[in-house]
Amino acid sequence: MIEIKSLSQTFNTSTVLKDISFTINHGEYVALLGPSGAGKSTLMNILGLLQNIQYGDYWLDGQHTNKLNNNQKANIRNKKIGFIFQQYHLLSELSVYENIKLPWQYTSEHDHTHLDELVTSLGIVHLLKKKPTQLSGGEQQRVAIARSLINNPTMILADEPTGALDEKNGINVMSLLKKHRANKTLLVVTHNQSIAEKCDRIIMLRDGSIV
Ligand SMILES: Nc1ncnc2c1ncn2[C@@H]1O[C@H](COP(=O)(O)OP(=O)(O)O)[C@@H](O)[C@H]1O
Ligand SMILES: [Mg+2]
């Protein structure tokens, strides 16, 4: 469960998020909708413990995250949070298989059966030995989805996951995300109204405020 209370965030002199409060229950499928520059990525980075909160409070599953040190945050990220980005963020020098296993560097439990099931259901078994640069955008995003799910996180944060894809691949990626979201919280950043309408709930962000 995500609880954000009176969150404000500034860069230099400009206020990017303005006194935001909301709750997302475990298992909800929520769209974060808003125009470019609205503060969506900043908010996602805070929720993913990638960026420190300046003003306000953030509880994740009842844990007050404000005071956690970097090590504790990294631990929570590895166990609980799967990230998917618009530009995939795959490492080009590693194979697809190595990319998917990257989050295992930081955990002791490695569920190979889960990995096999993931790559099968995402249709990327035949790509495992390739390098990311040899893949299409849609294939790269499917690899990124596998990587995000490898540690069986309780929440998935997807920042414009279809932003770099054509419509067909975008629909495919969204349906794969939906298929794999069982028992997980899924928060999807989008500026696409039709993607947002498929979610259980829409949080609308404009100029740093929820509207
Ligand atoms: N690291 C940063 N330094 C300075 N300004 C930033 C930084 N990151 C984001 N911003 C600014 O914060 C605002 C919101 O950005 P962002 O969260 O990326 O919005 P969105 O994802 O909705 O497009 C923009 O005006 C952007 O220029
Ligand atoms: Mg963004």
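Helix 1, which covers residues 40-47, gives the most to the shell around ligand 1, with three residues. That is a good place to start a tour of this structure, which is a predicted model.

## Around the ligand

The residues around ligand 1 are Phe11, Val16, Gly34, Ser36, Gly37, Ala38, Gly39, Lys40, Ser41 and Thr42. Sorted by class, the shell has three nonpolar residues, six polar ones and one that is charged. Two strands also appear in this picture: Phe11 belongs to the shell, and strand 1 covers residues 2-11. Val16 is another member of the shell, and strand 2 runs over residues 14-24.

## The chain as a whole

Stepping back, the secondary structure of the chain comes to seven helices and ten strands. The radius of gyration is 17 Å, close to the 17 Å that the globule rule gives for 211 residues, so the chain is as compact as a globular protein of that length. Along its principal axes, the C-alpha trace spans about 45 × 40 × 30 Å.

How many of the 211 residues count as buried? The share is 36%. Contacts often reach across the sequence: among those between residues at least 6 apart, 74% join residues at least 24 apart.

## A sheet of four strands

Now to the sheets. Strands of a sheet pair through backbone hydrogen bonds, either parallel or antiparallel. One open sheet has four strands in the order 2-1-4-5, and its pairing is antiparallel. Strand 2 and strand 5 (residues 63-64) stand at the edges with a single partner strand each, so one side of each is left without a neighbour in the sheet.

Let us walk across this sheet. Strand 1 and strand 2 pair over seven bridges and form a hairpin with two residues between them. In the turn of that hairpin, Asn12 has a positive phi of about 50°. Strand 1 is also joined to strand 4 (residues 55-60), by five bridges in the antiparallel sense. Ile4 helps to follow both pairings: Ile4 stands opposite Phe22 in strand 2 and opposite Tyr58 in strand 4. Further along, Leu7 stands opposite Ile20 in strand 2. At the other edge, two bridges join strand 4 to strand 5, again antiparallel, and the bridge partner of Trp59 in strand 5 is His64.

## A sheet of six strands

The other open sheet described here has six strands in the order 6-7-8-3-9-10, with mixed pairing. Its edge strands are strand 6 (81-85) and strand 10 (209-210), and each of these pairs on one side only.

Which strands pair with strand 3, and in what sense? Strand 3 (residues 29-33) runs parallel to strand 8 (residues 185-190), and it also pairs in the parallel sense with strand 9 (residues 201-206). Strand 9 pairs in the antiparallel sense with strand 10. The table sets out these pairings.

| Strand pair | Sense | Bridges | A residue pair |
|---|---|---|---|
| Strand 3 and strand 8 | parallel | five bridges | Tyr29 and Leu186 |
| Strand 3 and strand 9 | parallel | four bridges | Val30 and Arg201 |
| Strand 9 and strand 10 | antiparallel | two bridges | Arg206 and Ser209 |

## The nonpolar core

The largest nonpolar core has 51 residues, and Leu32, Ile145, Ala146, Leu157, Leu187 and Val188 touch the most other members. Helix 5 (residues 137-149) gives the most to this core, with five residues.

Which residues does Ile145 contact, leaving aside its neighbours within four places in sequence? They are Ile84, Leu122, Leu176, Leu177 and His180. One of these leads back to the six-stranded sheet: Ile84 is in contact with Ile145, and strand 6 covers residues 81-85. Other core members lead there too, with Leu32 falling in strand 3 (residues 29-33), and Leu187 and Val188 falling in strand 8 (residues 185-190).

## A residue in a loop

Our last stop is Glu109, in the loop between helix 3 (96-101) and helix 4 (112-121). Is Glu109 buried or exposed? Only 12 or fewer other C-beta atoms within 10 Å make a residue exposed, and Glu109 has 9, so it is exposed. The C-alpha atoms of Glu109 and Asn151 are separated by 8.4 Å, although the two residues are 42 residues apart along the chain.

Terms used: Residues numbered from 1 in each chain as written. Chains lettered and ligands numbered in written order. Predicted model: local features only at pLDDT ≥ 70, side-chain atom pairs only at ≥ 80, totals over all residues. Near = placed C-beta within 6 Å. Nonpolar A, V, L, I, M, F, W, Y, C, P; charged D, E, K, R; others polar. Buried ≥ 20, exposed ≤ 12 C-beta atoms within 10 Å, placed from the backbone. Pairing = 2+ DSSP bridges. Core = buried A, V, L, I, M, F, W, Y, C linked by C-beta atoms within 7 Å. Contact = placed C-beta atoms within 7 Å. Rg over C-alpha atoms; globule rule 2.2 N^0.38 Å.
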